[in-house]
Amino acid sequence: MTPSARLSAAIEVIEAIDNQRIPAAKALKEWGTAHRFAGSGDRAAISGLVYDVLRRQASSAWIMDDDTPRARLLGTLKLERGINTDAIASLCDGGRFAPEPLTEGERQALASRSLGDAPAHIAGDYPQWLDVYLDEAFGDDRAAEAAAMACRAPLDLRINTLKAKRDKVLGSLQHLGVTATPWSPLGLRIMLGADARNPGIQAEEEFIKGAVEVQDEGSQIAALLSGARPGEQVIDLCAGAGGKTLTLAAMMQGRGRLIATDRDKRQLAPIHERLSRAGVHNAEVRTPKGEDDPLSDIRASADLVLIDAPCTGTGTWRRNPDAKWRMRPGALDIRLKDQAEVLDRASALVKPGGRVVYITCSVLPQENSGQIRKFIGRHPDFSVIPPSPTASVLWDRTDDFLAAVYASDEGLLMTPRRTGTDGFFVSILTKR
């Protein structure tokens, strides 16, 4: 397919997303099924265009003074891809499979309009109803913080220290352009271009033998800050597919007791194969059965309970740009209730002197500092503590990192703009 034909295809997919109100992944899959002639490179390029439009949906419509799929794509080519007006016009020449030529109004908008006087929710590309929440989180920096969350994310990997060392894997994966992550001592990063194909990590020998896992650097850091130690009893209360469970297991060096569970047993399905591939032998997966509590035998005995809390996912907008436009106000209320329940549940599992580590991939204060303040109000025997010394031993850039994050009395917040990671909040609580 020509670059112009890819633009036409992207417009077609965006129209399907708008008209059918379906997720981008489904719309792209359906387009690919109906257009089997498109090669893998074409599909990757079209997918990149569609997701870039979703990242820049509000600002591109503002630039063009038009909210149609075509207008948003044209605005995205200028804002996200940095393509000038003449180059855009050459792609839209009305030829076979190409978009129609630019109108005079489109050409003028591309050449003259900017985001200089745009409201924060337009410049930052987020739903207007969220402005009050992001204002509370970031104040006058909210447009810049949200704009960073609208940028393309890299692909981050985590070294499994039970099986490998970072320097060795850096060499064996050099053909993928990997570099060391700036903060995590366990991380590798692959920067992805606008039309990049999936690098196929799952087919690499290092992945197959369990030396690496896909995990955002922010998620790695959140787990490291828990300070899990060999010989401890550790509970991953919202384990899901097991990303942080695997990090905890490596930190424990195979010694101690690690229990992974989740209220939604469907989320746990991939964890068994991942634990096996990683060479983890001290983890026990407890799958819920009916209404029975899979942790009914544990009372005030855990050294560490890690909560990867259910949340709105606002910190992952770089990876899921259509999620921010599908989010509704009621979702926040539901998540706040879920978070309070899981925090209360954790409080009964941890022993005196033990730790509860509360993590969200959200930047909203209500889910983060606000939730911790309410928890301490209900459980005055808990208090917030700084990151553990054990985590600092693993990590030689602690001071620089703490200077980069947003720190509060309740915990710390990573953001794409400040730390180059997804948005993660971490609070470490101890039971007196």
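**Rings, a buried cysteine and a small sheet**

Author: In this predicted model, the charged end of Arg-113 sits over the ring of Trp-62, at 5.7 Å from its centre.

Reader: What makes Arg-113 count as sitting over the ring of Trp-62?

Author: Part of the test is that CZ of Arg must be within 6 Å of the ring centre, and Arg-113 comes in at 5.7 Å. Arg-418 does something similar with Tyr-406: Arg-418 lies over the ring face, 4.2 Å from the centre.

Reader: Tyr-406 also pairs with Phe-138. Why is that pair called tilted?

Author: The centres are 5.4 Å apart, and the limit for a pair is 6.5 Å. The planes stand at 50°, which is neither under 30 degrees nor over 60, so "tilted" is what remains.

Reader: What makes this pair a tie between distant parts of the sequence?

Author: Phe-138 belongs to helix 9 (residues 131-138) and Tyr-406 to strand 11 (residues 406-407), so the pair links parts 268 residues apart in sequence.

Reader: Is Phe-138 buried or exposed, and how do you know?

Author: Buried: its relative accessible area is 7%, and the cut-off is under 20%.

Reader: Why is the pair of Trp-129 and Tyr-133 called edge-to-face?

Author: By the ring-pair rule there are five aromatic pairs. In the one formed by Trp-129 and Tyr-133, the centres are 6.0 Å apart and the planes meet at 85°. Anything over 60 degrees is edge-to-face, so the label fits.

Reader: And how do you know whether Trp-129 and Tyr-133 are buried or partly exposed?

Author: Trp-129 has 26% and Tyr-133 has 23% relative accessibility. Partly exposed runs between 20% and 50%, so Trp-129 gets that label, and so does Tyr-133.

Reader: On to Cys-361. Why does Cys-361 count as buried?

Author: Its relative accessibility is 19%, and buried means under 20%, so Cys-361 makes the cut. Cys-361 lies in the loop between strand 9 (350-360) and helix 18 (369-378). Its contacts beyond four places in sequence include Cys-311, Gly-423 and Phe-424. The unreviewed UniProt entry places an "active site" feature at Cys-361.

Reader: Last one: what makes strand 2 and strand 4 edge strands?

Author: They belong to an open sheet of four strands, ordered 2-3-1-4 with antiparallel pairing. Strand 2 (179-180) and strand 4 (212-214) each pair on one side only.

Reader: And how do you know that strand 1 and strand 3 pair?

Author: The rule asks for at least two bridges, and these strands have four, in the antiparallel sense. One of the bridge partnerships joins Leu-155 to Ile-190 in strand 3.

Note on methods
Residues are numbered from 1 along each chain as its sequence is written. This is a predicted model: local features need pLDDT of at least 70, side-chain atom pairs count only at pLDDT 80 or more; totals for chains, interfaces and linings use all residues. Side-chain values use heavy atoms; hydrogens and water are left out. UniProt positions are given in the numbering used here, feature names are shortened, and annotations may be inferred rather than shown by experiment. Helices (H or I, at least four residues) and strands (E, at least two) are DSSP runs, numbered from the N terminus. Buried means under 20% relative accessible area, exposed over 50%, partly exposed in between (1.4 Å probe, protein chains only). Contact means heavy atoms within 4.5 Å. A charge sits over a ring if NZ of Lys or CZ of Arg is within 6 Å of the ring centre and within 35 degrees of the ring normal.
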